[in-house]
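Hi,

Here is the structure I promised to pass on. Have a look at it first, and then read my notes below.

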Amino acid sequence: MSAVAIHEVEHDEPVTGIHHRKLAIWTFIGSECLFFASLISVYLVYKGKSLTGPFPKDIFEIPLVTAGTAILLFSSFFVVLALDALRRNDQTKAKIWLGLTVLCGIFFAGMQVYEFQHFVHKGLTMQGNLFGASFYTLTGFHGTHVALGTLWLGTIFIQMLRGEMSPKNAINLETAALYWHFVDVVWIVIFPVVYLMN
Amino acid sequence: MADTAALAGHDDHAHGTSHTRTYVQIGVILAVLTALEVFAYEASHNPGTYGALSGLIAPVFVPLLLVLSVAKFALVGLYYMHLKDDSNLLSWVFIFSLVIALVVVLGLMVLTGYLYNHGMPPLVR
């Protein structure tokens, strides 16, 4: 191993000037773009092709999803404030903002579980028609990402409560926050494409 | 975009400068854009309530939503994900992926549209 490589491993300071984890999470986000692009494509390709109901206009409840969208946007706002506070070593504010972010994540995931249950009661299932299959696949995968992100941020919140987070390891929160923002950005696309353009 | 991103964050963060004001401003803009999306939906779907405004919005409803989504997407990416101040390399990683993603979406839609219009519909139920 060269001297430069050893230096990188020991001090986490690559020659690119970008932290390894930051570059890694951005590369992962890049791959996730393709993943969600495929799912959104499938939804759009099958849009309006279902021969049997229920159809989107029969089941969507825009006020509920709008509330969920607002909550997710707020969570992005809260997590960026948490990171800002942690970098300034303002532990109290960092805990408050990150706690609120986790709560928002739990609320959004809960909203989606409620929505899915409601839709199943109205007859929309994965097997029922193309709309059901493509809708549940797309929003289900997004919901899974929200749940995982909430878990990730939750573990950092616990670390913060234990006093294990400081400006020195703020990169841990930054990578989780980048993932969280991406989840929010995906919803920014899904909300109008799936719910509003029906 | 600056190429000299600090490893653990930006220089001004290292000096304890808060970006709260900027983040709040972006948050307000995002909330307003989301409200506009929902208003456009309501107006275009309820001509009885919104009258002439509904007729005005309905023809441009889809492009309007796309523009609003792109604006929100860009704001979150530039400010909340710090692409505005971070290394150009990270921006290119993201832009490169987005371009491929867009090609995938458009390619699949054009291909299936062509097949559907030429008597080879996809499996439908």
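Below is what I found, going from the overall fold down to single side chains.

First, a caveat: this is a predicted model.

**The fold.** Chain A has seven helices and zero strands, so to speak a plain α-α-α-α-α-α-α pattern when you read along the sequence. Its C-alpha trace spans about 65 × 40 × 20 Å along the principal axes. Chain A has 198 residues, and 53% of them count as buried.

**Helices 2 and 7.** Take helix 2 (residues 20-45) and helix 7 (residues 170-196), both of chain A: their axes come within 10 Å and cross at roughly 15 degrees. That angle makes helix 2 of chain A roughly parallel to helix 7 of chain A, as the cut-off for that label is under 35 degrees. The crossing of helix 2 of chain A past helix 7 of chain A is right-handed.

**The salt bridges.** Over all chains, the structure holds seven salt bridges. One you may want to click on joins the side chains of Lys22(A) and Glu174(A), at 2.9 Å from N to O. Lys22(A) sits in helix 2 of chain A and Glu174(A) in helix 7 of chain A, so this pair ties together parts that are 152 residues apart in sequence. Are these two residues buried or exposed? Both Lys22(A) and Glu174(A) are buried.

Glu174(A) also forms a salt bridge with Arg87(A), where the closest N and O atoms are 2.9 Å apart. Arg87(A) belongs to helix 4 (residues 62-87) of chain A and Glu174(A) to helix 7 of chain A, so here the linked parts are 87 residues apart in sequence. Arg87(A) is buried, as is Glu174(A). Through shared partners, salt bridges join Lys22(A), Arg87(A), Glu174(A) and Asp86(B) into one network, so keep chain B loaded when you look at this part.

Another salt bridge runs between Lys57(A) and Asp58(A), with 3.7 Å between the closest N and O atoms. Lys57(A) is exposed, given its relative accessible area of 65%, while Asp58(A) is partly exposed at 41%.

**A nonpolar patch.** On the surface, Ile96(A), Leu100(A), Leu103(A) and Ile106(A) form a nonpolar patch, with about 360 Å² of accessible area together. Of these, Ile96(A) is found in helix 5 (residues 91-121) of chain A. The relative accessible area of Ile96(A) is 47%, so it counts as partly exposed.

Cheers

Technical notes: Residues are numbered from 1 along each chain as its sequence is written. Chains are lettered from A and ligands numbered from 1 in the order in which they are written. This is a predicted model: local features need pLDDT of at least 70, side-chain atom pairs count only at pLDDT 80 or more; totals for chains, interfaces and linings use all residues. Side-chain values use heavy atoms; hydrogens and water are left out. Patches are made of residues with over 30% relative accessible area and no salt bridge: like charges are joined within 9 Å, nonpolar side chains (Val, Leu, Ile, Met, Phe, Trp, Tyr) within 5 Å. Accessible areas come from the Shrake-Rupley method with a 1.4 Å probe; for residues, only the protein chains shown count as cover. A salt bridge is a side-chain nitrogen of Lys or Arg within 4 Å of a carboxyl oxygen of Asp or Glu. Helices (H or I, at least four residues) and strands (E, at least two) are DSSP runs, numbered from the N terminus. Buried means under 20% relative accessible area, exposed over 50%, partly exposed in between (1.4 Å probe, protein chains only). Axes are lines fitted to C-alpha atoms, for helices over the stretch in contact, and angles run from 0 to 180 degrees between N-to-C directions. Angles under 35 degrees count as roughly parallel, over 145 as roughly antiparallel, 65 to 115 as roughly perpendicular and the rest as oblique. A crossing is left-handed if the near helix is turned anticlockwise from the far one by less than a right angle, and right-handed if clockwise.
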